Amino acid sequence: MGVDMKVAQVSPQGDPATSAALKEALHKKAQNDQKIVVIKVGTSSLLRKGYLHLSLLGQLAETCADLHRAGCKIIVVTSGAVGAGCQVLNNADKPTDLAGKQAMAAVGMVRLMRMYDDFFTSVSQPIAQVLVSLDNLMDRTQYLNAQRTFQALLARDVIPIVNENDTIAVQHLKFGDNDTLSAHIASLCDADYLFLLTDVDGLYTGNPNSDPDARLIPLVESIDDLDVDVSGGAGSAFGTGGMATKVNAARLATAAGCHTVVMNSNQLHTLPDIVVDGASNGTLFLAVPRPLVGRKRWILLQKPAKGYLLVNSKAEQALNNDKSLQGTHLVSVVGDFDAAEAVALTVRDSETGDEREFGRAIVNYGADDCRKLVGKASEDFYDIVGFGGAESVAHKNNICLWIPEGEEARLMDHPEINMETHPSVNNLEDLAEFMSDKPSRTPSPSPFNN
């Protein structure tokens with residue numbers, strides 16, 4: 001799927017063909033009532049003492065077969081190619097340079113796919129290898145082509161085994177970690193569940209390896225309300241992610257309407273119970289009730305430019321009411337970006353003074369022109385920038401928010417989820433007390449981190 005990237009044309013108009021196709025896909029999905037499940041297996045789970053964890057691969061194949069028999073469609077996002085490559089080459093050290101990592105991934109992916117094919121064949125489950133890169137999904141045409149490919153594979157009951165196309169990706173056009181990649185795939189395929197399997201039981205209030213008082217968080221209704229320490233980096237010497245990347249991945253996936261679960265890979269066998277019976281394990285991030293669809297979902301998944309817009313509170317209210325972003329909404333412009341780039345939108349919290357990212361927009365003007373438009377009315381744009389451009393900083397059709405219409409997820413809206421089955425929850429009263437102990441709001445990740 002490595003196709004040369006083309007420049008996507010930015011249009012404020014809707015995408016009728018895409019909208020029609022999406023509605024048809026959603027209709028078929030609702031008609032068949034087949035849940036789409038994305039399972040991301042981390043390097044820390046796939047490798048054990050430097051070698052492929054064969055028993056986990058076997059359990060993964062059996063779990064996917066169980067989910068398939070329950071009527072689900074499954075996609076696996078795999079890590080471990082670099083680690084497998086190091087194993088093939090007599091346990092070589094992990095390279096530090098990009099070319100070395102790419103070469104090792106090319107070696108390891110052959111071994112990894114051989115193992116996947118052997119284990120999934122043993123349960124009579126056909127698989128396919130799909131390699132994607134960030135530039136594939138940043139380009140609208142390639143994004144839609146990838147979407148159709150996944151739909152065709154799932155319609156044939158084939159499980160795609162997905163990894164980043166490391167051998168051709170360049171540093172500034174890489175997902176960087178497979179947590180982010182899996183969130184993109186979950187959004188692309190309109191998945192119901194994304195499972196981020198790792199070597200810890202879920203998201204804790206602190207680092208459980210260094211904080212004895214750290215507690216497992218069973219449920220997250222709003223990521224912006226989290227007050228946790230997600231430091232600690234990757235989970236293994238060969239990994240690239242960590243808990244911070246999983247929280248960011250959950251933000252992407254939940255905005256697209258996909259429940260996200262961070263859980264220990266040794267609980268892999270419980271996935272059918274979670275998906276089919278509403279059981280609970282690990283940390284569940286609830287999907288927003290009004291997820292983005294179509295082109296707006298694609299905009300939200302764009303890698304943001306090295307700059308962002310700080311807007312006032314009136315802007316956040318206006319954008320939640322489907323309005324365009326005006327010059328009078330701007331407080332300041334940070335960093336550098338060009339017209340037609342995706343830019344993060346931030347607002348300053350009235351209580352803490354911290355900046356919080358609440359959405360993204362494809363802007364009509366570059367950073368230099370936006371600075372001139374701060375606080376200015378639309379009718380003054382021509383005199384200020386010197387040419388007849390758009391009447392808004394960003395058109396409403398090119399703006400998308402992490403929490404569309406400001407409506408946050410609530411457990412009470414999901415009666416199919418039984419939190420009382422969670423190992424750390426004795427009853428819902430205890431869960432409610434735990435949730436009420438959280439501080440009000442903490443700053444979201446930097447707009448530069450995606």
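## Around Ile75

Set aside the neighbours within four places in sequence, and Ile75 in this predicted model is still in contact with a good list of residues: Ile36, Val37, Val38, Ile39, Phe150, Leu154, Ile159, Pro160, Val162, Ile185 and Cys189. Two of those partners, Val162 and Ile185, turn up again in the next section.

## Two nonpolar cores

The largest nonpolar core has 48 residues, and the ones touching the most other members are Ile75, Val162 and Ile185. Who supplies it? Strand 1 (36-41), strand 4 (73-78), strand 5 (127-132) and strand 7 (193-198) each chip in at least two residues. On the helical side, helix 7 (140-155), helix 8 (178-188), helix 9 (243-255) and helix 11 (294-300) each do likewise. Helix 9 gives the largest share, with seven residues.

There's also a second core, separate from that one, made of 46 residues. Among them are Leu57, Leu67, Val76 and Tyr116.

## The five-stranded sheet

Further along the chain, strands 12, 11, 13, 14 and 15 make an open sheet, lined up in the order 12-11-13-14-15 with mixed pairing. Strand 12 (330-335) and strand 15 (399-401) sit at the edges, so to speak: each pairs on one side only. Going from one strand to the next, the twist averages 30°.

Now for the strand 15 end of the sheet. Strand 14 (residues 355-362) pairs with strand 15 in the antiparallel sense, over three bridges. Within this sheet, Arg360 stands opposite Cys400, the latter in strand 15.

Methods. Residues are numbered from 1 along each chain as its sequence is written. This is a predicted model: local features need pLDDT of at least 70, side-chain atom pairs count only at pLDDT 80 or more; totals for chains, interfaces and linings use all residues. Side-chain values use heavy atoms; hydrogens and water are left out. Two strands pair if DSSP finds at least two bridges between them. Helices (H or I, at least four residues) and strands (E, at least two) are DSSP runs, numbered from the N terminus. Axes are lines fitted to C-alpha atoms, for helices over the stretch in contact, and angles run from 0 to 180 degrees between N-to-C directions. A nonpolar core is a set of buried Ala, Val, Leu, Ile, Met, Phe, Trp, Tyr and Cys residues joined through side-chain atoms within 4.5 Å. Buried means under 20% relative accessible area, exposed over 50%, partly exposed in between (1.4 Å probe, protein chains only). Contact means heavy atoms within 4.5 Å.
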